[in-house]
Structures are given as C-alpha cells and as structure tokens.
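Morning, everyone. Please bring up the sequence and the model side by side, and we'll walk through them together.

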Amino acid sequence: MVAGDLGKENRSSGRKGEERDTVVSRSKGILLPFLIFLIGILTALYLHSPALLSRTVYRSDLRQAIHWAAYHTTTFRQDDLLLAYARFNESPVQNVLYWYGTLFLDVILLSKVLAILGYALAGLCAYFAALSFTNRTGAFFSACFFLLCPDQFVYYSGGFSKAWMMPLLMITIRFLERERWQAFLLLMPFAALAYPVAAVLIGMTVLVHLLLYRRNLLFPPGRPVFFFLAGSFVALVILLLRFGSPKGFIGPLGAHELLMRTEELYEGGAQHYLPTPSLLDALLPFLTPPFVLVSAFLIFLLLKPKEITWPSSFSSLLVASIIGYLLADLLFIRLYIPNRYLRYTIPVLLSFWHGVHLPRVVKKIPRPGLRAATVLILASIAVVSYRGDFKPGKETLDRSRLSSLCRFFETTPPGTLISGHPYVNDDIPIQARRSVLCNYKLAHPWFPRFYALQKERTLATFRAIYAADTKPLIELRKRYGVDLLVIRKKKDYSRKRIRKGRIYLRSYRREIDAIIGDRRHFLLEDPPPEWIVYEDERYRVIDLRKVSRRSSRASRNGAPNEISVPLR
C-alpha cells in the first residue's frame with residue numbers, strides 16, 4: 001500500500017516536473033523572440049537617432065526613390081522621366097509598401113519607420129533561422145550578433161528593397177535545413193518581386209545544395225525539385241517582364257564591351273563599380289577584423305571537431321555567393337553589381353557562426369572569473385573592431401541646408417520644373433515634391449540610352465549656369481520647359497573649383513571645361529534683380545519665364561534680345 005502510494009507520488013511529481021519544464025520552455029519560446037525584437041528596435045533607434053531628430057536628415061539613397069514622394073500628390077509633372085525611371089528602378093514590393101504607407105506618413109518619416117521595423121524583423125528572422133540548426137541559446141546569440149556586431153543597419157536605413165536580402169537568405173537556410181521544399185514555390189517569386197538579386201542567389205543556393213547534398217532528389221527528379229523549379233520559373237517570368245524589355249526611353253542594358261569602356265563606372269564617375277575587386281579583396285574586409293580572427297582562434301582551440309556546427313546550407317550559400325560574385329563580374333550588370341552577392345551573405349554566416357560557437361567557448365572555460373574575463377575581452381575586441389560601423393547617423397546625410405530653398409519650392413505651382421546642379425536637384429523631389437530636370441543619384445550608366453538623356457540635360461543645365469548671355473537660358477526653357485534655375489552662389493562660381501575642374505564629376509570635366517572656356521565672368525553670377533525670385537546665403541533662384549518674356553519683348557521691339565557679360 002505504502003509502495004503504491006509512493007509510486008503515485010513519484011509519477012505525480014514527475015508529471016508536475018514535466019509540466020513545469022513545458023511552461024519554462026514555452027516562456028522562453030515567447031520571451032527570447034520578444035527580447036530580440038526589442039534589441040533590434042533599440043539598436044535601430046540608437047543608430048538612426050540623428051535622422052529621427054530631424055526631418056532633413058535621411059538616407060542618401062532615398063534620393064534614388066523620388067517616385068515614392070510623388071504618391072498621392074499632383075505636384076509633379078506628368079511627363080517626369082526621372083519619376084518613371086525611379087519607379088522602374090525599385091522593386092514592386094517596396095513600391096506597394098510605400099504607396100500604402102504614404103497614405104498615412106510623409107515619405108521621409110516612412111523611410112525611417114520602415115528602417116527600424118525592418119531591422120528588428122530581420123533580427124527575428126536570424127533567430128528563427130538559427131533554430132533550424134542550434135538550440136535557443138545559440139539562436140538568441142546569433143540574432144544578437146547579427147543586430148550588434150557587426151552593424152548591418154546600413155542596409156536597412158532608408159527602407160529600400162535591399163533590406164529584404166538578408167532575411168530572405170536566412171529563411172532559405174531554414175527551409176534547406178528543415179527540407180521545406182514546397183516553400184520555394186512561394187519564396188522564389190516573392191524574392192523576384194522584393195529584391196531581384198535575392199531570387200538569383202537563392203536559386204543558385206538551392207541548386208548548389210541539391211548538387212552537393214541531395215543528388216538523390218535530382219536523379220531522377222523528385223517532387224521537391226518540381227516545387228523549386230516551378231517557383232524558379234515564375235520568378236524568371238517576373239524578372240523577364242521587368243528587365244527583359246524596359247520602356248523605350250530607358251532602353252536595353254549596355255553591351256559588356258561598352259560598359260567596360262564607360263568612364264562613368266570608374267573612379268570619378270557617376271557610379272564607381274569598376275574595376276571589380278578580386279574575390280580575395282572582396283572577402284578580406286569581412287574576415288580580417290580582430291574580433292573575427294580571435295574568435296576563430298578560440299573556437300578551433302577549445303572546441304572539439306564534433307562540437308563545431310557548420311550546416312550544409314552554410315556551404316551551399318557560401319559556394320553560391322562566390323559563384324554569383326564571379327558570374328556577376330563576368331557578365332557585369334546582367335546579374336547586377338558583383339558585391340551584392342557577398343556583402344549580405346558573409347555577415348549572415350558570421351553572425352550564425354559566432355552566435356552558435358562563442359557561447360560554447362565560454363562554457364568550456366572552467367573558472368567563473370576567467371569566464372567573465374574572456375567575455376569582457378571578446379566584447380572589447382568587438383568594440384574596437386567595429387567602432388567605425390556602430391555609430392549613430394553613419395548612414396545618413398544632413399540636408400538641412402536645402403530646407404529653406406525647398407520650402408520656397410513648395411509654394412510654387414504644381415508642375416513646376418526645376419533645374420540646377422545635380423547635387424542640389426537630388427533633394428528637391430524628396431523635400432519639396434517638385435520635378436527636376438536631372439539629378440546625380442539616378443544617373444545610371446548601364447542604361448546608355450537613358451543615361452545619354454540625363455547627361456545632355458545635365459550639360460544643358462551647366463550651359464545655363466555658366467552662360468555669358470541669355471541664349472543658353474532661353475534654350476533650357478524652350479527645349480525642356482524648365483521654369484526655375486537654382487544657382488549655388490559660392491560653389492558654382494568658385495574660381496578655385498573652376499580652375500581645378502571640380503564643378504562636377506571627373507567624367508564630366510571635359511564637357512564642362514569646354515562650356516566655360518576661358519570665361520571667368522558669368523551672367524547669373526550677378527543677374528538682373530527682376531529675374532531673382534528667391535535668394536539666401538547659399539542659393540539664388542532664377543525664373544527662366546521672366547528671362548524668356550524679356551527676350552520676347554525685346555525681339556518684338558527690335559532691340560537686342562540678349563544680355564551678356566564680358567568674355568573675361
């Protein structure tokens with residue numbers, strides 16, 4: 001009887017222990033993701049704090065997505081080619097996000113909100129991806145390393161489509177480890193719509209994985225392969241519809257031989273991507289920080305081979321990324337910019353590597369004091385290694401000097417077309433929601449037809465800025481319909497800049513030198529006061545409509561229709 005009672009008590013206490021363990025496990029399952037999300041939010045708030053404190057501090061690349069500022073407004077011109085190209089240049093998923101988001105928030109504020117939320121959600125993706133090959137502790141630290149060391153926020157700031165790349169790669173790792181082949185039926189098309197490079201790299205990763213580790217699914221092809229192939233086919237159709245035949249004014253991608261000779265793609269050009277660094281040069285910045293080297297030394301010194309985790313999906317992603325980098329270099333711009341195939345992959349793999357193994361290394365150290373010292377030393381090395389990355393506002397620009405100018409442009413009639421130096425034009429659509437003739441950020445030389453249009457518009461603007469008489473101003477108005485011309489009072493007419501050829505990009509120097517010639521006095525350096533509609537300490541705005549009207553009246557009256565300045 002007593003023995004029976006004792007048995008019942010043991011079984012009862014055992015059940016209670018199991019229930020207690022289950023409750024603790026469930027609590028951890030909820031608490032750890034919450035902590036990761038909170039760490040992500042707080043980290044992003046810290047890194048993005050300068051932008052959150054000022055409307056005119058924002059991610060530089062936001063000026064490439066000027067079409068987001070045009071949603072739900074009629075202040076832009078209907079025939080704005082830059083808007084059309086910007087819309088083509090961003091992904092459909094991101095365009096939809098901004099179309100709906102700008103119903104409620106200003107585009108600049110929305111870009112900051114999406115950056116912070118995107119970063120926190122990427123941390124969650126890191127956590128759940130890591131659960132497919134390690135325990136909760138390893139997954140938690142993997143996500144922490146992703147969010148804190150090194151800083152990846154630069155890829156999230158601005159709320160661009162590239163923010164999808166790392167989460168999609170993490171999801172791919174999880175699907176491969178769990179063998180969720182049917183999921184690729186949806187993942188591949190979504191990647192093509194969210195960030196095209198992601199679709200290419202995910203497709204290559206899965207193919208490498210099948211060839212290296214699951215050839216039995218390929219020969220003969222099994223059902224999992226058909227899910228992947230079907231998803232890849234849909235993704236390919238999406239990419240071909242987007243990039244196979246761009247709109248007429250954009251034109252096809254430039255031939256490889258032409259792009260290799262395009263000076264705008266080299267140092268001093270609009271987009272400095274050539275020559276492509278060697279594979280070793282591209283990898284070394286990720287692998288040589290002291291923290292990475294010291295961590296690797298400790299991992300291989302203290303852990304047994306069976307304690308080291310390197311899932312097959314890691315190898316598949318790494319091999320695919322290296323192949324992608326080499327192919328993107330060989331087929332330059334056809335597979336986009338080569339560094340896109342490494343700059344997301346390596347940090348993801350390093351985050352998982354450190355998150356899984358460093359807690360094991362610390363556990364191996366027997367004495368608590370020595371263990372604490374090791375953690376402190378590693379943290380110090382991490383701070384030294386990444387102190388340049390983990391800095392508030394590193395990824396943003398302060399464009400407050402343009403705020404007064406843009407507030408003036410906001411008072412101009414809808415459809416006003418503005419031009420000026422391309423660096424100034426970049427911010428006007430974002431801050432003032434007005435169309436500009438040309439800009440710097442969207443000058444992409446890999447579409448030669450579109451780039452030629454932009455280059456001619458840029459040179460026409462410089463001809464007006466450095467005009468000796470009214471003819472180039474009237475031409476800018478007549479040919480392109482420009483209403484207002486912005487002059488940078490000090491920079492545009494700096495004798496030092498003119499003498500050194502530092503007006504704009506090095507690739508424009510010959511043309512700008514030919515426009516200026518030997519002249520050192522310019523009409524708009526001291527224009528007639530009646531042409532000026534706005535002026536502050538930095539900028540002057542010329543109303544080209546007034547210039548044209550004056551010229552027309554002079555022509556009707558038989559008077560000379562040009563005002564000019566001396567040649568020297």
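I'll start with the whole chain, move to the sheet, and finish with some helices.

One caution before anything else: this is a predicted model.

So, the overall picture. The chain has 568 residues, and buried residues make up 53% of them. The secondary structure comes to 25 helices and seven strands. Along the principal axes, the C-alpha atoms fill a box of roughly 125 × 55 × 45 Å. The accessible surface is about 26400 Å², with 62% of that belonging to carbon and sulfur atoms.

Now contacts. Take those between residues at least 6 apart in sequence: 76% of them join residues at least 24 apart.

And charge. There are 75 positive side chains and 42 negative ones. The centres of those two sets lie 3 Å apart.

On to the sheet. What is the order of the strands in the open sheet? Reading across, the five strands go β4-β3-β5-β7-β6, and the pairing is mixed. The edges belong to β4, residues 435-436, and to β6. Each has a single partner strand, so one side of each is left without a neighbour in the sheet.

Let's step through the pairings. β3 and β5 are parallel, paired over two bridges. There, Ile-418 has Leu-484 in β5 as its bridge partner.

Next, β5 and β7. β5 covers residues 484-488, and five bridges join it to β7 in antiparallel fashion. Two positions to find on screen: Ile-487 stands opposite Arg-540 in β7, and Leu-485 stands opposite Ile-542 in β7.

Then β6, residues 532-535. Three bridges join β6 to β7, and these strands also run antiparallel. Ile-532 stands opposite Ile-542 of β7. So please look at Ile-542 for a moment: Leu-485 is across from it, and Ile-532 is across from it too. The connection from β6 to β7 is a hairpin, made through three residues.

How covered are these strands? Take β5. Five of its five residues are buried, so β5 is largely enclosed by the rest of the structure. Both faces are covered. Leu-484, Val-486 and Arg-488 sit on one side, with Leu-485 and Ile-487 on the other.

β7 is residues 539-543, and it is mostly covered, with five of five residues buried. Tyr-539, Val-541 and Asp-543 point one way. Arg-540 and Ile-542 point the other way. Note the charged residues in that list: Arg-540 and Asp-543 are buried along with the others.

What lies against the sheet? Look at α18, residues 403-410. Its buried residues include Ser-403, Leu-405, Cys-406, Phe-408 and Phe-409. Several strands help cover them, including β3, β5, β6 and β7. Helices contribute as well, among them α19 at 422-425 and α20 at 428-431.

Next helix: α4, residues 81-89. At its start, a side-chain oxygen of Asp-80 reaches to within 3.0 Å of the backbone nitrogen of Leu-82. Leu-82 is also one of the buried residues of α4. The others are Leu-83, Ala-84, Tyr-85, Ala-86 and Phe-88. What covers the buried residues of α4? The cover includes α3, α11, β4 and α21. So here we meet β4 again, the edge strand from a moment ago.

Last stop, a single residue. Val-206 lies in helix α10, which spans residues 196-213. Is Val-206 buried or exposed? It is buried, because its relative accessible area is 0%, and the cut-off for buried is under 20%.

Who touches Val-206? Leave out residues up to four places away in sequence, and the contacts are Leu-176, Trp-181, Phe-184 and Phe-228. Find Leu-317 as well. Val-206 and Leu-317 are 111 residues apart in sequence, yet 8.1 Å apart in space, C-alpha to C-alpha.

To recap the sheet: five strands, open, mixed pairing. β5 and β7 each have five of five residues buried. And β4 and β6 stand at the edges.

That's the tour. Over to you for questions.

Note on methods:
Residues numbered from 1 in each chain as written. Predicted model: local features only at pLDDT ≥ 70, side-chain atom pairs only at ≥ 80, totals over all residues. Heavy atoms only, no water. Buried < 20%, exposed > 50% of the residue type's maximum accessible area, 1.4 Å probe, protein only. Helix = DSSP H or I, 4+ residues; strand = E, 2+ residues; numbered from the N terminus. Pairing = 2+ DSSP bridges. Contact = heavy atoms within 4.5 Å. Areas by Shrake-Rupley, 256 points an atom, 1.4 Å probe, with all protein chains shown as cover. Lys, Arg positive; Asp, Glu negative; His and termini not counted. Charge placed at Lys NZ, Arg CZ, Asp CG, Glu CD. Polar contact = N/O pair within 3.5 Å; in protein donor to acceptor, adjacent residues only side chain to side chain.
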